[in-house]
Amino acid sequence: MDYSTPEFIALQVAASTSGFVSLCGSVVILGLIICDWNGKFGQVKYRFLFALSIGDIVNSLAYMAWNLPAPSDTPNLWGAMGNDTTCGVQGFLYQSCLISMFYNGALAHFFYKSVCQGYDDEAYYNDGWEHFWHLLATGFPCISGLVSVAMGTMNFGSNGCWFAPSPPNCLTDEDVECERGESAFILGWAFIGAPCLALVSLITFYMWKINKEVAAVVKVAHEQQQQERQKRIKAKAAKDASVQQRLAGGRRIAMDGSVVTPKTVATKSERTTEERQTPADQSTTSGVVDRVQEVATQAYWYVGIFMLTHAPGFIPFNLYILGIKVPFVVTVVYVFLWPMQGLGNVLVFLRPRIALLRRKYPHLTYTRAVVSAIFNYEALVATTFSENPRSSSQESRHASNEDSRASKTRSKRSKSPTALNVRTTSRGSWGESSSDNSTDHV
């Protein structure tokens, strides 16, 4: 890359800064999972997030070094102080970005199975899907990295010490002879480009299916609410007609044409029981819709972060392949965004907590809410409980026994004649539930 010394310094600062911030974000996710090991690590989504964060930490550390491990004799490269071996090691660590990519696909697949096919954690594990994703997400990056290093394709280029020939322009300049890495571009597309595009296509398909399922759930819920409203209208009309019949003391013709006598009129206790059932059914329907929508919302956020941080990396690589000089702005955007998935993931991870805290404490700024969600969340929620026990008693019960609540909800849905017939997971969403009746439901 033919950049000036100040531009190389700016690239180093951008890579080190974004890598460190992403590292901190991934460490926070690991810490929150470890602090509730028995509760969270028993769930598939947390095991995926745990492994994803480890891969992101490795990738962030590699990016923080940026051009320092490059061979010291690399022409026009400021800060290079390594050799071919250190450059190869950094390239191998760069391949760890595939770990986070594959685990993004694993999360999308898990929630597709949960929302659209009714899988829970046990079914997903027993069917072997979790083992498949763990093997793929760890095996492919390691094997592809070792093969690339062995073939000498990890050299300094537009994307740092990654897939590039040595010297950097030997494949695009006929006057320069390659010393190593003649197959760097082919392996780059085979080991990074093609898997990434395949994952993006797969994740897009899963998001489309989840969105379609959410739309169907909302439609069914709306139809059932309309049916319940019509039932209440008809019940009220029948009640008014029965009252008029009793006052008249004789037989009357009902709205449907049947003959109604006083003995066919429901008693007060029967009417009261019927009226009590309707709000419960509505609550169950609303709860199911809320949970499905929360799953979709968290899924969209995680996928959006993945796309935003990784898409710019393809631009400099392809310009480099075509022999076009990569503009400095393109390189600095790529260098800054690529390692930032850790920061994005932790903000999505904490999003429901942050939303709940800002509802309970409107004076909190977003920054203070983030800090409180990490370090003081349980205490603040407990304070809310003690100050308003009546309104938050349901939250407390959910926080202490989430699985029991989910089981009761499923039982209630199956017994209720108006229950919403949709497939949902018993484990909630990609993040902690932001509803008022939950406190720790990532």
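**A guided tour of the strands, disulfides and backbone exceptions**

Begin by selecting residues 154-157, which make up strand S1: both of its faces are covered, with Met154 and Phe156 buried on one side and Asn155 and Gly157 buried on the other. The model on display is a predicted one.

Next, add strand S2 (160-163) to the selection. S1 and S2 run antiparallel and are joined by four bridges. Together the two strands form a hairpin, with two residues between them. To see how the strands are aligned, display Met154, which stands opposite Phe163 in S2.

Remain on S2 and select Cys161 together with Cys87. A disulfide joins Cys87 to Cys161, with an S to S distance of 2.0 Å. This pair links distant parts of the chain, since Cys87 belongs to helix H4 and Cys161 to strand S2, 74 residues apart. The torsion about the S-S bond is about -110°, so this disulfide is left-handed. Cys87 is buried, at a relative accessible area of 1%, and Cys161 is also buried, at 0%.

How many disulfides does a search of the whole structure find? The search finds two. For the other bond, select Cys170 and Cys178, whose sulfur atoms are 1.9 Å apart. Here the torsion about the S-S bond is about 95°, so the disulfide is right-handed. Cys170 is buried, with a relative accessible area of 8%; Cys178 is buried as well, with 16%. Counting the bonded cysteines along the chain, the disulfides follow the pattern 1-2, 3-4.

Two further cysteines merit a selection. Cys196 is buried, at 2% relative accessibility. The closest cysteine sulfur to that of Cys196 is in Cys97, and the distance of 7.7 Å is too far for a bond. Cys142, by contrast, counts as partly exposed because its relative accessibility is 36%.

The tour closes with two points on the backbone. Most residues other than glycine have a negative phi, and most peptide bonds are trans. Select Trp66, which is not a glycine yet has a positive phi of about 45°. Trp66 lies in the loop between helix H3 (44-65) and helix H4 (84-94). Is Trp66 buried or exposed? Trp66 counts as buried, because its relative accessibility is 0%.

Finally, select Ser166 and Pro167, which are joined by a cis peptide bond with omega of about -5°. Pro167 is found in the loop that runs between strand S2 and helix H8 (184-248).

How values were computed: Residues numbered from 1 in each chain as written. Predicted model: local features only at pLDDT ≥ 70, side-chain atom pairs only at ≥ 80, totals over all residues. Heavy atoms only, no water. Buried < 20%, exposed > 50% of the residue type's maximum accessible area, 1.4 Å probe, protein only. Pairing = 2+ DSSP bridges. Disulfide = S-S within 2.5 Å.
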